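Please look through the sequence and the model below before reading on. The paragraphs that follow lead from the overall fold to individual side chains.

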Amino acid sequence: MGTWGGDRNKRAVSALTPLWSPYPAGFLLFRGLPRHTFGLAQSKLFPFYFHISMGCAFINLCILASQHAWAQLTFWEASQLYLLFLSLTLATVNARWLEPRTTAAMWALQTVEKERGLGGEVPGSHQGPDPYRQLREKDPKYSALRQNFFRYHGLSSLCNLGCVVSNGLCLAGLALEIRSL
């Protein structure tokens, strides 16, 4: 079984990178910012975040791949290579394909919402009937744009979750290899 030496800490930190931006920060921003301001913040954060995730996955894969003789890989080492390759693939799909499409769909949604005077409120602050639901029911173009946005957003979220799970399993493997501090 291979050893990780001084690279163990670097890999652990880069594997945790995908956790802050979409989870705690995203939920806090969503609850505290007006809807369109939140979208603007996400459109600036996520391209950077997905490219950082892609870079970290690439570095992790390079570190692991360079430390082992390919003919002598254990099952767990081969599994870690596969998990890191999966993380790199999912991060790349997110950074290069899904994020630009999600952001474009969001801008199209916001254009229609602004025309109707919507988007400046903090989520959950409106009283009475939901104006977004009413807009979906009255405007088939808006409804289609919303479906398109949520399709790309959902795929992006699944890719991000796949990265988190892959990196988490690799971290578990690293933790199991620790023999002493």
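What percentage of the 181 residues in the protein chain do buried residues make up? Buried residues, meaning those under 20% relative accessible area, make up 40% of the 181 residues; a residue over 50% is called exposed, and one in between is partly exposed, with a 1.4 Å probe and protein chains only. This is a predicted model, in which local features need pLDDT of at least 70 and side-chain atom pairs count only at pLDDT 80 or more, while totals for chains, interfaces and linings use all residues. Residues are numbered from 1 along each chain as its sequence is written, and side-chain values use heavy atoms, with hydrogens and water left out.

The protein chain has 6 helices and 0 strands, where helices (H or I, at least four residues) and strands (E, at least two) are DSSP runs numbered from the N terminus. Read along the sequence, the pattern is therefore written α-α-α-α-α-α. Among contacts with a separation of 6 or more, 82% come from residues 24 or more positions apart, contact here meaning heavy atoms within 4.5 Å. The surface that the protein chain exposes comes to about 10,400 Å², of which carbon and sulfur atoms supply 67%; such areas come from the Shrake-Rupley method with a 1.4 Å probe, and for residues only the protein chains shown count as cover.

The charged side chains offer a way into the details. The structure holds 2 salt bridges, a salt bridge being a side-chain nitrogen of Lys or Arg within 4 Å of a carboxyl oxygen of Asp or Glu. In one of them, Glu 113 pairs with Arg 35, and the closest N and O atoms are 3.9 Å apart. This pair links distant parts of the chain, since Glu 113 belongs to helix α4 (residues 75–115) and Arg 35 to helix α3 (residues 35–66), 78 residues apart. Glu 113 is buried because its relative accessible area is 3%, whereas Arg 35, with 30%, is partly exposed. Arg 35 also has an aromatic partner: its charged end sits over the ring of Tyr 132, 3.7 Å from the ring centre, a description that requires NZ of Lys or CZ of Arg to be within 6 Å of the ring centre and within 35 degrees of the ring normal.

A salt bridge also joins Asp 139 to Arg 116, with the closest N and O atoms 3.3 Å apart. Asp 139 lies in the loop between α5 (131–138) and α6 (140–177) and Arg 116 in the loop between α4 and α5, so this pair ties together parts that are 23 residues apart in sequence. With a relative accessibility of 13%, Asp 139 counts as buried, while Arg 116 is partly exposed at 43%.

Aromatic side chains form a further set of pairings. A pair of aromatic rings is described by the distance of the centres and the angle of the planes. Rings of Phe, Tyr and Trp (its six-membered ring) pair if their centres lie within 6.5 Å, and planes under 30 degrees apart count as stacked, over 60 as edge-to-face and the rest as tilted. By this rule the count comes to 6 aromatic pairs. The rings of Phe 30 and Phe 38 are edge-to-face, because their centres are 5.4 Å apart and their planes stand at 75 degrees. Of these two residues, Phe 30 is partly exposed at 34% relative accessibility, and Phe 38 is buried at 17%. Phe 149 and Phe 150 also make an edge-to-face pair, with ring centres 5.1 Å apart and planes at 75 degrees; Phe 149 is buried, with a relative accessible area of 14%, and Phe 150 is partly exposed, with 41%. Elsewhere, Phe 46, Tyr 49 and Phe 50 form one aromatic cluster.

Phe 149 also leads to helix α4, where Ala 105 is found. Ala 105 and Phe 149 are 44 residues apart in sequence, yet their C-alpha atoms are 5.0 Å apart in space. Ala 105 is buried, with a relative accessible area of 5%, and touches Asn 148 and Phe 149 when residues up to four places away in sequence are not counted.
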